[in-house]
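Work through the exercises below with the sequence and the structure side by side, and try each task before reading its solution.

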Amino acid sequence: MAGHDLIDGYLATFARRLPADAVDELADGLTETYRRHLATGVDERAAAAGAVAEFGTPDVVIAAFVRQAPGRRVARLLLCWGPAVGLCWGTALVLGHWPVPLAVRLGVGLSLLTVIALLVVAATGLHSYRRTRLAAAAGLGVVGLDGALLVAVALTAPPFTWPLALAVPASLTRLALTARAIPRLLAHS
Amino acid sequence: MKPEAQALKGHLDVLLLATLADGPRHGYAVKEALREGSGGRFDLPTGTVYPALHRLEAAGLISGAWSVADGRRRRSYRLTPAGQRKLVADRANWREFASAITTMLEGSPWPATT
């Protein structure tokens, strides 16, 4: 890569933990930094050590990438939005007296818990970019759950209640925005 | 990180935009422009400049394009029209803010009260 084992080892750390495009960009910058140090007259080892020190420790650099990762941002938005939408649907189900079979309740409940767990993992921690990629899977789960609820409303035509009137547009909006974000999340995977 | 670098965190976005005012630069050139333009005061860990550029790109304020230089892939950034507008607006806001602070610190006399 940049021409020195120290730099190649440093970049290998990023290659294991960041997207390929980010690593290429870091490699270019690191090579420029290394050459600038060499131009000051120091030997190759000192130039490589200086370039690596100037770039920052892998943990600092990776945390900076994780903070701005699209998956982390989307996961945080969905976690903020989720309780309000969930409250609307929960209230609508109770007030509307929907005859939901136990197996369906369990299936939806387990799916919901799985999605929440994926979102929490994607939204937290600063040491693993890979974790933010789980937001794409969670997003697919959100789209599936919202889609299933909307189809259920369309098929069963439950009686009108205000929570239902709020839940349907909330889920439609979330579904549309999440579906739009998923290709971008997958592109960063 | 130097204390100056810590202090610039809240202003990093506009400073990065300013480094692109004269035309496209790649990440390392942006970092160097920041360091040289501040007389060495704003010397961030180079590796943290790239995520900040990605954030500005996601916000639509800059756009990036790949090229090949010396056999390496290189991503260069330029201001978008939205980025240019933000830079102009932030410069004006900063001038007003700095002027107010300077007036306070360097001391025109306080108006008398009754």
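Two residues are taken to be in contact if their C-beta atoms, placed from the backbone, lie within 7 Å. The model used throughout is a predicted one.

**Exercise 1. The interface of the two chains**

Task: Establish how many residues of chain A are in contact with chain B, and which element of chain A gives the most to that side.

Solution. Applying the contact criterion, one finds 20 residues of chain A in contact with 16 residues of chain B. The next step is to assign the chain A residues to elements: those that give two or more residues to this side are α2 (20-39), α3 (44-55) and α4 of chain A. Of these, α2(A) gives the most, with 10 residues. Sorting the side of chain A that touches chain B by class then yields 9 nonpolar, 5 polar and 6 charged residues.

**Exercise 2. The domains of chain A**

Task: Describe how chain A is divided into domains, and what the contact between them takes from each.

Solution. Chain A is divided into domain 1, covering 5-65, and domain 2, covering 69-187. The C-alpha centres of these two domains of chain A lie 40 Å apart, and the contact takes 6 residues from domain 1 and 5 residues from domain 2 of chain A. On the domain 1 side, the largest share, 4 residues, comes from helix α4 (residues 58-67) of chain A. By class, that side of domain 1 of chain A has 4 nonpolar and 2 charged residues, with no polar ones.

**Exercise 3. The two faces of a helix**

Task: For helix α1 (residues 5-17) of chain A, check the span against what its number of residues should give, and then find which of its residues are buried.

Solution. At 1.5 Å a residue, the 13 residues of α1(A) should span 18 Å, and the end C-alpha atoms are 19 Å apart, which agrees. The buried residues of α1(A) are Ile7(A), Tyr10(A), Leu11(A) and Phe14(A). Seen down the axis of α1(A), these buried residues fall within an arc of 95°, so they line one face of the helix. The spacing can be understood from the fact that an α-helix has 3.6 residues a turn, so residues three or four places apart point the same way. The buried residues of α1(A) pack against α2, α3 and α4 of chain A, whereas the face turned away from the buried side carries the exposed residues Asp5(A), Gly9(A), Ala12(A) and Arg16(A).

**Exercise 4. Buried or exposed?**

Task: Decide whether Ala136(A) counts as buried or exposed, and do likewise for Ala157(A).

Solution. The cut-offs are 20 or more other C-beta atoms within 10 Å for a buried residue and 12 or fewer for an exposed one. Ala136(A), which lies in helix α8 (residues 134-156) of chain A, has 24 C-beta neighbours inside 10 Å and therefore counts as buried. Its C-alpha atom is separated by 6.9 Å from that of Gly71(A), although Ala136(A) and Gly71(A) are 65 residues apart along the chain. Ala157(A), in the loop between α8 and α9 (162-187) of chain A, has 7 such neighbours and therefore counts as exposed. Ala157(A) also has a positive phi of about 45°, although it is not a glycine.

**Exercise 5. A loop residue of chain B**

Task: Locate Asp70(B) among the elements of chain B.

Solution. Chain B comes to 5 helices and 3 strands, in the order α-α-β-α-α-β-β-α along the sequence. Asp70(B) is found in the loop between β2 (62-69) and β3 (72-79) of chain B. Its phi is positive, about 55°, although Asp70(B) is not a glycine, and with 9 C-beta neighbours inside 10 Å the residue counts as exposed.

Definitions and conventions: Residues are numbered from 1 along each chain as its sequence is written. Chains are lettered from A and ligands numbered from 1 in the order in which they are written. This is a predicted model: local features need pLDDT of at least 70, side-chain atom pairs count only at pLDDT 80 or more; totals for chains, interfaces and linings use all residues. Domain bounds come from an automatic or database domain assignment. Ala, Val, Leu, Ile, Met, Phe, Trp, Tyr, Cys and Pro count as nonpolar, Asp, Glu, Lys and Arg as charged, and the others, Gly among them, as polar. The expected span of a helix is 1.5 Å times one less than its number of residues. The arc is that of the directions from the helix axis to the C-beta atoms.
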